[in-house]
Amino acid sequence: MPATMTCVSITNAKRYELDKVKTFLPEVQSFEHERDALLLESEGGHILIFGFGCAVFWDISQAKRQDILQKLAQCASKPYEALEESCPYSYGKESNVFNEAITLVKDKSLNLQLLTISYGIAQSLKLSVFETDLMAMIKKTSHIPKSLQEKGKISMSNKEINKNIGSLIMAKHTINLHSDMLDSPDFLWENDKFTPLYHQTINDQDLPTRVQVLNKRLDIVQDLFHVLGDELKNRHSFIIESIIVLLIAMEVVISLVTHFM
């Protein structure tokens with residue numbers, strides 16, 4: 001049986017500045033048709049570094065991973081707590097991804113095989129970050145629809161409503177801003193024979209279904225945003241109407257006083 005090794009994927013930042021990465025890791029290689037990825041060979045294994053804040057380590061020791069991550073931290077934009085996943089891989093006669101197990105072929109296309117599978121794995125890991133952030137936002141604001149259901153109103157001040165609207169906008173903006181990294185990678189246009197391998201990878205990670213679920217959750221955020229916006233409009237309209245009624249009442253009182261005087 002072929003020897004089994006481990007592929008470890010880690011994300012700990014929104015972005016890596018790849019030009020800086022080349023400074024701290026001058027031995028990295030660039031890909032011809034993929035500008036947002038770099039390749040580093042070390043310890044007989046491989047490291048794929050993606051500009052959207054992920055690194056995928058193929059048969060790399062933990063000590064070396066920590067060393068690379070420390071250098072990447074100096075090139076990171078908006079770092080966050082690291083999220084890590086791992087899966088086994090081996091070499092065989094045909095490259096494929098099935099049931100969270102990866103098979104590679106040791107031939108001249110190995111680097112592109114690694115890029116293809118690593119890209120799908122990195123996308124899945126980044127999606128996990130989006131899923132976690134969005135679920136935290138939905139949980140944080142879950143008391144709003146509950147208050148509407150139980151009390152028929154939103155028991156929050158205008159300032160609190162504005163803060164929640166701001167948080168919802170930021171959450172949605174962040175996901176929309178980075179959603180393009182969930183698209184098919186550019187290098188597949190010039191290397192379409194790796195497209196099936198890429199689809200094997202993202203299907204094994206259940207990426208298409210998870211993206212659909214994420215979009216539905218974004219719709220929930222959008223609906224909540226509209227509810228809060230309507231609440232602010234209603235409150236503003238109520239204040240304006242109250243002022244108008246008060247002015248009319250004052251005018252009536254003044255007219256009566258003037259008449260009897």
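A residue counts as buried when its relative accessible area is under 20%, as exposed when that area is over 50%, and as partly exposed in between. By this cut-off Thr201 is buried, because its relative accessibility is 1%. The structure described here is a predicted model.

## Overall composition

The protein chain contains seven helices and eight strands. Of its 261 residues, 42% are buried. The chain exposes about 15,300 Å², and carbon and sulfur atoms supply 55% of this area. Among the contacts with a separation of 6 or more, 69% are made by residues 24 or more positions apart.

## The sheet

The eight strands form an open sheet with mixed pairing, and their order is β2-β3-β4-β5-β1-β6-β8-β7. Strands β2 (29-30) and β7 (96-98) stand at the edges; each has a single partner strand, so one side of each is left without a neighbour in the sheet. In general, the strands of a sheet pair through backbone hydrogen bonds, in either a parallel or an antiparallel sense. Here, strand β6 (residues 76-91) pairs with strand β8 (residues 101-104) in the parallel sense, over three bridges. Within this part of the sheet, Tyr89 stands opposite Ile102 in β8.

## The nonpolar cores

In soluble globular proteins, nonpolar side chains tend to be buried together. The largest nonpolar core of this model has 39 residues, of which Leu48, Phe50, Trp58, Tyr89, Ile102, Leu104 and Ile117 touch the most other members. Helix α3 (residues 110-140) provides the largest share of this core, namely eleven residues. A second, separate core has 19 residues, including Tyr16, Leu38, Ile47 and Cys75.

Tyr89 illustrates how parts of the chain come together. Apart from its neighbours within four places in sequence, Tyr89 is in contact with Ala3, Thr4, Met5, Thr6, Cys7, Trp58, Asp59, Ile102 and Leu104.

## Three buried residues

Ser9, Gln113 and Thr201 may be considered in turn. Ser9 lies in strand β1 (residues 5-16) and is buried, because its relative accessibility is 3%. Leaving aside neighbours within four places in sequence, Ser9 is in contact with Ala55, Val56, Leu83, Glu84, Glu85, Ile121 and Leu125. Ser9 and Ile121 are 112 residues apart along the chain, yet their C-alpha atoms are separated by 7.2 Å.

Gln113 is placed in helix α3 and counts as buried, with a relative accessibility of 2%. Beyond its neighbours within four places in sequence, Gln113 is in contact with Ser95, Leu104, Val105, Asp107, Phe194 and Leu197.

Thr201 belongs to helix α6 (residues 195-204). With neighbours within four places in sequence left aside, Thr201 is in contact with Val97, Ile117, Gly120 and Ile121. Ile121 is thus a contact of Thr201 and also of Ser9.

## Salt bridges

The structure holds four salt bridges. The table lists three of them.

| Pair | Closest N to O distance |
|---|---|
| Asp67 and Lys64 | 3.8 Å |
| Lys71 and Asp67 | 3.7 Å |
| Arg210 and Glu131 | 3.0 Å |

Lys64, Asp67 and Lys71 are linked in a network of salt bridges. Asp67 and Lys64 are three residues apart in helix α2 (residues 62-73), and therefore about one helical turn separates them. Lys71 and Asp67 lie in helix α2 as well, four residues apart, which is about one turn of the helix. The members of this network are partly exposed: the relative accessible area is 27% for Asp67, 21% for Lys64 and 27% for Lys71.

What does the salt bridge of Arg210 and Glu131 tie together? Arg210 lies in helix α7 and Glu131 in helix α3, so the pair ties together parts that are 79 residues apart in sequence. Arg210 is buried, with a relative accessible area of 16%, and Glu131 also counts as buried, at 19%.

## A nonpolar surface patch

Nonpolar side chains also occur at the surface of the model. Ile243, Leu246, Leu247, Met250 and Ile254 make a nonpolar surface patch of about 490 Å². Ile243 is found in helix α7 (residues 207-260) and is partly exposed, because its relative accessible area is 43%.

Methods. Residues are numbered from 1 along each chain as its sequence is written. This is a predicted model: local features need pLDDT of at least 70, side-chain atom pairs count only at pLDDT 80 or more; totals for chains, interfaces and linings use all residues. Side-chain values use heavy atoms; hydrogens and water are left out. Helices (H or I, at least four residues) and strands (E, at least two) are DSSP runs, numbered from the N terminus. Buried means under 20% relative accessible area, exposed over 50%, partly exposed in between (1.4 Å probe, protein chains only). Contact means heavy atoms within 4.5 Å. Accessible areas come from the Shrake-Rupley method with a 1.4 Å probe; for residues, only the protein chains shown count as cover. Patches are made of residues with over 30% relative accessible area and no salt bridge: like charges are joined within 9 Å, nonpolar side chains (Val, Leu, Ile, Met, Phe, Trp, Tyr) within 5 Å. A nonpolar core is a set of buried Ala, Val, Leu, Ile, Met, Phe, Trp, Tyr and Cys residues joined through side-chain atoms within 4.5 Å. Two strands pair if DSSP finds at least two bridges between them.
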